[in-house]
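The following note is offered to a student who is reading this structure for the first time. Please keep the model open while working through the numbered points.

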Amino acid sequence: MSSLPQGTVTFLFSDIEGSTRLAKLFGDRQWAELLDEHRALLRVAFAAHAGMEVDTQGDGFFVVFMRATDALAAAVAGQRALLAHDWPDDGIVRVRIGLHTGEAVLRDSHYIGQEVHRASRICDAGHGGQTVLSQAAAELVRTSLSGGVALKDLGEHQLNGLGRPQRLFQLSAPGLAADFPRLRSLDAATNLPVERTSFVGREQEIADVRAELDEHRLVTLTGIGGAGKTRLALRVGALELGNFPDGVFFVDLAPVTDLDLVAQTVAAACGLSLGDSPGGDTRAFVDRLTMTLAPRRCLLLIDNCEHLLSAVAELVDQLMARCPRVELLATSREALGIEGEQMMQVPSLAVPDEFASGLVTDAMRLFADRARAVQSSFQLDAHTLAPVAEICRRLDGIPLAIEFAAPRIAHLSVQQIAERLEGRLRLLNGGRRRIRRQQTMSASLEWSHDLLAEEERIVFRRIAVFAGGFTLESAEAVCVDEGIASHAVLDLLGSLADKSLITVGQGKRGATRYGLLETVRLYALEKLEAAGETRTFRSRHRDHYLAWLEAMPLDSLVFGSESADAMGCEIDNLRVAAKRCVDEDRPDLVARLVKLMTGFWIMGNSYRAPKDLLDWALCREDRLSIEDRVSSHAILGWLLLSLGDPSRALSHTTRAIDLANGRVEPFAMTAMAFRAVGYAGLASMPGSDPSLRAEARHDAERAVASARKDFPSAWQACAETAFAYVELHLGDIEAAAYWFASSAKSCRGVAFKGWQIANAMSGLAASLHLLGQTEEALEASLSFLARQDLNDLPWLDSLVIEVIPALFAGGQQRRADHELLRRATAIRRNGVDLAPSSFLIVAAVIEFLRGRPERAGRLLGAGRSVGGAAKQVLQFPTPICLAYYMRYLPLVRAALGPDAARRARDEGRAMTLDEAFNFALEEQGP
């Protein structure tokens with residue numbers, strides 16, 4: 001081991017697919033023989049290409065190579081040797097292989113570190129017979145491929161335990177299998193939650209649901225709360241992953257209360273950044289959603305539909321009509337009631353007949369499984385079989401009720417549990433079976449509640465005010481009073497989790513998050529109402545989240561991407577808090593909440609919700625403080641400008657400036673900056689008032705002067721970027737480059753990770769390219785792309801698009817082509833509002849630089865017409881796109897002549913969005 005190489009090496013991991021099945025099939029002796037044969041074949045292949053065996057555990061290899069090309073050759077040789085070997089007919093050994101090149105770190109004669117972990121995860125993502133490479137390994141071997149060996153780009157995939165998505169490639173070679181299911185990754189193709197407890201039984205129901213999905217595009221699982229509809233849908237979704245190449249997505253509607261948010265929740269669950277529709281037009285949003293999903297083969301699991309039935313039914317009807325390759329599996333207590341729906345009643349788990357002694361059913365298996373979670377020695381044996389059967393019968397086999405009862409084994413015997421259930425249910429006997437099942441669920445919850453200590457009951461009902469989960473700190477802030485000590489909340493939550501009344505998981509940011517199943521939350525809300533505490537604790541919930549936001553610096557809230565991420569984790573609670581503010585007629589609190597969430601709205605391309613809230617608050621403007629009136633008008637102007645409505649934006653930004661009346665106020669400064677952008681945008685339109693140009697520059701100068709004098713660096717960068725946008729609108733590219741550079745310099749003084757730096761660096765690279773400063777533009781674009789702190793920004797694709805011309809003109813054609821394809825894929829996948837127009841205009845620039853003016857002319861025409869651009873007052877999604885258009889349109893016309901240029905423009909305008917994208921990508925590269 002001491003001779004293991006260091007420095008940059010290529011790691012190879014291998015693993016046999018289905019080894020557990022093969023071991024059971026052949027038994028220990030024959031399986032050991034098959035393993036030895038597999039090891040011998042692979043060792044010969046690895047050794048022949050200078051591979052050094054690091055470790056062999058079970059059925060896998062860990063081998064290291066000094067050269068990536070050797071590792072690739074070894075993988076090809078190994079896969080071919082395995083395919084050529086004479087295996088038993090039912091015992092063919094198929095091996096997945098993963099390759100990754102990275103820095104080797106040795107400690108105590110063993111490799112450690114993230115690069116080893118990355119290589120192992122890449123192997124885990126593959127299928128038997130498949131070899132998968134990281135981008136680092138692929139780049140090193142690409143120029144040495146020969147003999148029919150090739151690499152297939154599999155796109156980006158999120159691998160377990162790795163922060164950012166990984167771009168992966170599949171090795172293909174003559175004689176090797178080429179077609180495999182989708183990689184076993186946690187990428188954007190699914191957002192299915194990880195199962196935290198084992199799935200018990202339901203084999204027949206799973207088969208039935210899958211069979212119905214083969215025949216019907218919409219299947220709705222109905223049944224009472226607690227019947228297991230959600231778990232069944234999630235299990236079916238996981239099993240169907242391989243049948244839906246564009247993904248399986250889980251849409252949880254439980255925390256949604258606004259009918260208008262149903263479509264947005266679906267979009268968010270699918271990983272789509274559709275933003276909002278101008279004026280809050282839900283139909284326009286649905287149009288964009290269906291347009292984005294129309295070409296995809298995907299499965300949507302829409303959970304908890306019953307409280308939003310009309311909105312869900314309307315949306316699903318549109319998806320069914322417009323998205324022929326989308327299938328839907330819904331869960332609801334009643335059917336959606338639309339054409340083409342196939343209903344399936346989800347039954348309770350099977351329970352034993354009263355006289356069927358010794359029979360073990362799924363309900364009993366579930367009880368035993370959950371009981372073992374709290375008492376590992378629990379078994380179904382001669383002593384426990386009969387009372388467990390009785391418990392399951394008394395609970396009608398309802399899974400959620402069984403999950404409540406089983407943890408009691410930590411304190412009671414199964415005989416005691418059965419006796420107490422009998423007493424509870426005797427109070428509810430009689431009535432029809434359907435009613436009794438509802439009574440059984442209610443009785444199970446009531447019984448679990450009655451067994452709680454008083455402090456547990458108090459916390460249980462109070463946490464019902466949360467939506468979409470909550471943290472320990474939030475529970476402590478909301479639930480504590482003279483009856484509940486702060487230090488006791490952690491133990492009380494743990495106790496409620498032990499009793500299966502709350503769920504415990506890990507949030508996106510790594511913090512522990514608690515939650516309530518919807519059936520349980522509704523029950524807890526009833527208890528809160530019965531205790532007369534609803535108003536108090538809903539208000540406490542609202543005040544907590546306002547205080548949570550106010551504890552962060554304002555400049556971080558407005559410009560910091562980490563603050564926006566934190567708000568994204570709590571968005572359901574923040575929506576509930578906003579609704580509470582409206583319900584209590586508190587425009588002052590609405591104004592504060594929207595102001596504190598400014599960065600989230602802007603970075604999330606989410607404008608309708610804050611616009612509606614501010615419209616509501618400003619209808620009660622006389623009850624707002626001057627500070628809140630200034631910020632509300634300024635932010636509303638900012639939002640309207642982002643929505644492409646400069647006239648209304650100018651009205652509100654002017655109102656903010658007038659109200660501030662010279663006061664030192666950050667939002668008065670931003671109002672001045674974005675009024676300048678609004679003036680400049682209108683000035684860029686044909687036939688505009690010439691005085692708008694002077695007004696724009698005057699406001700921009702005042703905003704920059706105010707920011708530099710009175711505010712921290714992030715606000716200065718904001719004003720300087722706005723000035724750059726003004727100059728782009730007005731056609732002074734040199735001045736725009738100056739202000740972008742100034743903004744980037746100001747960003748160096750920002751302590752937190754902010755989004756302003758991305759805007760500044762992208763704009764600088766584009767402006768330098770437009771000025772013909774090729775080397776400087778290339779340097780700026782490479783610096784922008786190298787910033788690791790920008791990689792997680794959700795709207796980065798639109799900014800990267802704008803630096804691609806600088807890459808191409810600077811001699812980085814291969815990388816420019818790669819980025820163009822990558823961002824095109826992301827935009828079509830995410831459906832970013834108006835970003836298609838950006839892509840098409842930049843694609844036109846690249847085509848012109850390649851010497852293809854006719855194709856450039858078509859794409860310029862398409863960029864002005866498709867993706868929603870033609871409907872906007874300002875027909876360009878960004879000032880940079882306007883500058884590209886104004887620079888390259890005359891060049892295209894000069895190259896083609898007026899008649900040919902007109903024909904190209906008209907052909908581009910006639911394209912659909914999909915046709916334009918396909919046209920842009922069909923001849924990519926020289």
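1. The second largest pocket is a good place to begin. Helix α22 contributes more to its lining than any other element, namely 10 residues. Please bear in mind throughout that this is a predicted model.

2. The lining as a whole comprises 32 residues. Those that lie nearest the centre of the second largest pocket are T257, D258, R575, V576 and K579. Two or more lining residues come from each of the elements α18 (518-530), α19 (534-550), α22 (571-583) and α25 (608-618).

3. The volume of this second largest pocket is about 780 Å³. What is the character of the residues in its lining: how many are nonpolar, polar or charged? The division is 20 nonpolar, 2 polar and 10 charged.

4. Helix α40 (residues 898-909) permits a simple check of geometry. With 12 residues at 1.5 Å a residue, the helix should span 16 Å, and its end C-alpha atoms are indeed 16 Å apart, so the expected and computed values agree.

5. Which residues of α40 are buried? They are A901, A904 and G908. Viewed down the axis of α40, the buried residues fall within an arc of 65°, and therefore they line one face of the helix. The spacing has a general background: an α-helix has 3.6 residues a turn, so residues three or four places apart point the same way.

6. The other side of this helix should be examined as well. The exposed residues P898 and R903 are carried on the face of α40 that is turned away from its buried side. The cover over the buried residues of α40 includes α38 (853-865) and α39 (879-896).

7. A single residue may serve as a further example. S14 belongs to strand β1 (residues 7-16). Is S14 buried or exposed? S14 has a relative accessible area of 5%, and because buried means under 20%, this residue counts as buried. Leaving aside residues up to four places away in sequence, S14 touches L42, D59, G60, F61, V95, R96, I97 and C123.

8. Finally, the chain may be considered as a whole. It contains 41 helices and 15 strands. Of its 926 residues, 56% are buried. Among contacts between residues at least 6 apart in sequence, 73% join residues at least 24 apart. The contacts of S14 listed above, with C123 among them, can be inspected in the model alongside this figure.

Definitions and conventions. Residues are numbered from 1 along each chain as its sequence is written. This is a predicted model: local features need pLDDT of at least 70, side-chain atom pairs count only at pLDDT 80 or more; totals for chains, interfaces and linings use all residues. Side-chain values use heavy atoms; hydrogens and water are left out. On a 1 Å grid over the protein atoms alone, a cavity is a set of points where a 1.4 Å probe fits but cannot get out, and a pocket is an open set with protein on both sides within 12 Å along at least five of seven lines; lining residues have an atom within 4 Å of a point. Grid points are joined across faces, edges and corners, and a volume is the space filled by probe spheres set on the points. Helices (H or I, at least four residues) and strands (E, at least two) are DSSP runs, numbered from the N terminus. Ala, Val, Leu, Ile, Met, Phe, Trp, Tyr, Cys and Pro count as nonpolar, Asp, Glu, Lys and Arg as charged, and the others, Gly among them, as polar. The expected span of a helix is 1.5 Å times one less than its number of residues. Buried means under 20% relative accessible area, exposed over 50%, partly exposed in between (1.4 Å probe, protein chains only). The arc is that of the directions from the helix axis to the C-beta atoms. Contact means heavy atoms within 4.5 Å.
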